[in-house]
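Work through these exercises with the model open beside you. Try each task before reading its solution.

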Amino acid sequence: MEAAGLEWLLGPMRQLASWGAAAAMVFGGVVPYVPQYRDIRRTQNAEGFSTYVCLVLLVANILRILFWFGRRFESPLLWQSIIMIITMLLMLKLCTEVRVSNDLNIKRRSFSDFDLNYFWHWSKFTDYVQCVLTFTGVTGYITYLWLDSSLFVETLGFLAVFTEAMLGVPQLYRNYQNRSTEGMSVKMVLMWTSGDTFKTVYFILNQAPLQFSICGLLQVFVDMAILLQVYLYSSYPQKPTSHTTHPASTKAL
């Protein structure tokens, strides 16, 4: 009788824990962008945020959604991609408006110019939307044609998570070039590390496709490498290779 009562209590608690983990997966990835969004709105300055972060995350999450059609995975991971795409579009909209308002004399560029020199440096938010829709349409059509190929589907899934896993590499390389982590938010890197660790454990425990777990571990490795740079360059400062200012991280500021 006592065991039955204990099971009655533990059942709902396990269900709540499962819901909590799912909610953390869906919304946890966008949390680091909330203070960045508010800061850009407050200062009306978007120079500290690289819109290439939005590009990489849009590509990665669009590919992940297409992968879902070929191989169904956990619903929270699908919703995470949808929420991330919406968040990146909101970030792009704000950054574009701020940049244009601060540079009134700059020549206007558009997606329809098809000028690779100004790719992802357009003057209107609608140009970014057109690019995203074009990419989605082309990759969606290709996926539709090759959906029966398990090799294509698995490759698509790997490209999706591998693209996202590489977000920290530019920051890692920039720190190495400058022999310094000045201008980089250590708190942000700690948020990456904790988030990526949680995400990887979630992948493993929920038996997500192997690509997710491998690339999750890669993300944690990159995060740890950046934290190691913080320790080394603060404990053993080295002469920087140049006197250029250090822009904010390309991963998730």
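The exercises below concern a predicted model.

**Exercise 1. Fold overview**

Task: State how many helices and strands the chain has, and what pattern it follows along the sequence.

Solution:
- Step 1. Count the elements: the chain has 9 helices and 0 strands.
- Step 2. Read along the sequence: the pattern is α-α-α-α-α-α-α-α-α.
- Step 3. Check the burial: 41% of the 253 residues are buried.
- Step 4. Take the contacts with a separation of 6 or more: 77% of them join residues 24 or more positions apart.

**Exercise 2. The core**

Task: Find which residues have the most contacts inside the largest nonpolar core, and which helices supply it with at least two residues each.

Solution:
- Step 1. The largest nonpolar core has 47 residues.
- Step 2. Those with the most contacts inside it are Tyr 33, Ile 40, Phe 49, Leu 77, Met 88, Trp 120 and Phe 212.
- Step 3. At least two core residues come from each of helix 1 (2-28), helix 2 (33-43), helix 3 (51-70), helix 4 (75-102), helix 5 (125-146), helix 6 (150-165), helix 8 (186-205) and helix 9 (210-235).
- Step 4. Zoom in on Phe 212. Leaving out residues up to four places away in sequence, Phe 212 touches Arg 64, Phe 67, Phe 73, Leu 77, Val 161 and Phe 203.

**Exercise 3. Helix 3 against helix 6**

Task: Decide whether helix 3 is roughly parallel or roughly antiparallel to helix 6.

Solution:
- Step 1. The two axes come within 8 Å and cross at roughly 155°.
- Step 2. Angles over 145 degrees count as roughly antiparallel, so helix 3 is roughly antiparallel to helix 6.
- Step 3. Helix 3 passes helix 6 in a left-handed crossing.
- Step 4. Contact residues include Leu 63, Arg 64 and Phe 67 of helix 3, and Leu 156, Gly 157 and Ala 160 of helix 6.
- Step 5. Sort the residues of this contact: 10 are nonpolar, 3 polar and 3 charged.

**Exercise 4. Helix 6 against helix 9**

Task: Decide whether helix 6 and helix 9 are roughly parallel or roughly antiparallel to each other.

Solution:
- Step 1. Their axes come within 9 Å and cross at roughly 15°.
- Step 2. Angles under 35 degrees count as roughly parallel, so helix 6 and helix 9 are roughly parallel.
- Step 3. Their crossing is right-handed.
- Step 4. Among the contact residues are Gly 157 and Val 161 of helix 6, with Phe 212 and Gln 219 of helix 9.
- Step 5. This contact divides into 7 nonpolar, 3 polar and 2 charged residues.

**Exercise 5. Val 169**

Task: Is Val 169 buried, partly exposed or exposed?

Solution:
- Step 1. Val 169 lies in helix 7 (residues 169-178).
- Step 2. Its relative accessible area is 31%, so Val 169 is partly exposed.
- Step 3. Val 169 and Gln 219 are 50 residues apart in sequence, yet 9.2 Å apart in space, C-alpha to C-alpha.

Terms used. Residues numbered from 1 in each chain as written. Predicted model: local features only at pLDDT ≥ 70, side-chain atom pairs only at ≥ 80, totals over all residues. Heavy atoms only, no water. Core = buried A, V, L, I, M, F, W, Y, C linked by side-chain atoms within 4.5 Å. Buried < 20%, exposed > 50% of the residue type's maximum accessible area, 1.4 Å probe, protein only. Helix = DSSP H or I, 4+ residues; strand = E, 2+ residues; numbered from the N terminus. Contact = heavy atoms within 4.5 Å. Axes fitted to C-alpha atoms, helices over the stretch in contact; angles between N-to-C directions. Parallel < 35°, antiparallel > 145°, perpendicular 65-115°, else oblique. Left-handed = near helix turned anticlockwise from the far one by under 90°. Nonpolar A, V, L, I, M, F, W, Y, C, P; charged D, E, K, R; others polar.
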